[in-house]
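Dear colleague,

I am passing on the structure we spoke about, and below it I have set out what came of going through it. Please read the notes with the coordinates open beside you.

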Amino acid sequence: MEPHLRSTTVAPDIGQRLERSIDALTDDEQKALILDLTGYARFLIQTEAHWLPRGVLPRGFDAPTLALEAIARVLDRRRRDWDPAKEPTLAAYLKSVVKSIFSSELLPAAKRELAEIPTTDDVGGDRTSGIASPDPGPHDMVTLNELKDRLLECFEREEDQLVLLCIFENVTAPAEIAQVTGLDPREIYRIKQKIWRRVVGLRKGE
Amino acid sequence: MPVDRNEHVEFFAQLYEALTSAPKDEVFVREVLVESGVDVDATLGKGMGLFADFKKRRRLQLSRERLERLREAVNRWSGVGEGTLGAIKEQIARALAGDQGQLVYQTYYRKLERVEVADLESLREDAALLEFVVRVEADGSE
């Protein structure tokens, strides 16, 4: 998916390298990248801002607008902080921009906005009913290992647990998971879908 | 032990990578987005528009930079005659190739084979310089 850079006679600076990487993207690679970033933004919102009403962040930001904002900032040269040692691919860099806009701009603003909502309406009714709290919930107060254990407990089938264990151990390519578990790649695909939905459900407190 | 929230955020980011690592997972990501009410085609359309604008701006910028390099090379040439013709052709080929590598440079150099001193004398004006670039680019492309 990641474009190759053309060979050059002089080492280009980061800005040039970034522009060349973007320039070399084919239409299909661009589409895959937009879809990946939007999916990533959606996953971030679902797991880290699950308490937001309708999943909409301040200034009307949702998953598509967050992904497009990250792309626009990089293309308009408002962001030029690519560190290829840290983010070896263009996709990884763009995701770091999505994450930075989300966690350093939108999430704090969303928490501030929620704190400013009056808790009661004119007739004394609870205006915040149905809106979950952004404060850490029971699943946020556990260590990473405890969180992994809780996720594992969500699955009864051994096959599901095996795939999740592989992911915890950084065995993520379907072919590698198939080799370790002996499962059919189609089954692995279905289990990954199940894990996504369960993770999102768990973050929502389901 | 105090809970490190950043560790959780990092964990979920890695989990996303793991769940979407295969090209086939694109289908699933699309499905999840549609289920969440995202108009995927409209999002792709807007994103492609951003990339198209970027590529257009970049093409213009690269053309401007190339023309500037070419103008500098021609202006540096004092027009002393045949003796310096090879050197100026080399500079022009470098200006046209920019940082695209040795192969592109050599291609341009070959295209300049038939250029004479009289041709270079006329390149002091922008219009002639542009016409010259168009002619060099077209050479061999028919």
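A contact here means heavy atoms within 4.5 Å. With that cut-off, and bearing in mind that this is a predicted model, 58% of the contacts in chain A between residues at least 6 apart in sequence join residues at least 24 apart.

Chain A holds eight helices and zero strands, and its pattern along the sequence therefore reads α-α-α-α-α-α-α-α under the DSSP assignment. Of its 206 residues, 48% are buried, while the area that chain A exposes comes to about 10500 Å², with carbon and sulfur atoms supplying 49% of it.

Helix α2 of chain A, residues 27–48, is mostly covered, since 19 of its 22 residues are buried. Its length is also as expected, because 22 residues at 1.5 Å a residue should span 32 Å, and the end C-alpha atoms are 31 Å apart, which agrees.

As for the interior, the largest nonpolar core has 78 residues, and those with the most contacts inside it are A:I22, A:F43 and A:I195. Helix α4 of chain A, residues 90–116, gives the largest share of this core, with 12 residues. Leaving aside residues up to four places away in sequence, A:F43 touches A:W196, A:V199 and A:V200 in chain A, together with B:F12, B:L15, B:Y16 and B:L19 in chain B. Another core, of 22 residues, lies apart from the largest one, and includes B:I92, B:A93, B:A97 and B:F132.

With best regards

Key:
Residues are numbered from 1 along each chain as its sequence is written. Chains are lettered from A and ligands numbered from 1 in the order in which they are written. This is a predicted model: local features need pLDDT of at least 70, side-chain atom pairs count only at pLDDT 80 or more; totals for chains, interfaces and linings use all residues. Side-chain values use heavy atoms; hydrogens and water are left out. A nonpolar core is a set of buried Ala, Val, Leu, Ile, Met, Phe, Trp, Tyr and Cys residues joined through side-chain atoms within 4.5 Å. Buried means under 20% relative accessible area, exposed over 50%, partly exposed in between (1.4 Å probe, protein chains only). Helices (H or I, at least four residues) and strands (E, at least two) are DSSP runs, numbered from the N terminus. Accessible areas come from the Shrake-Rupley method with a 1.4 Å probe; for residues, only the protein chains shown count as cover. The expected span of a helix is 1.5 Å times one less than its number of residues.
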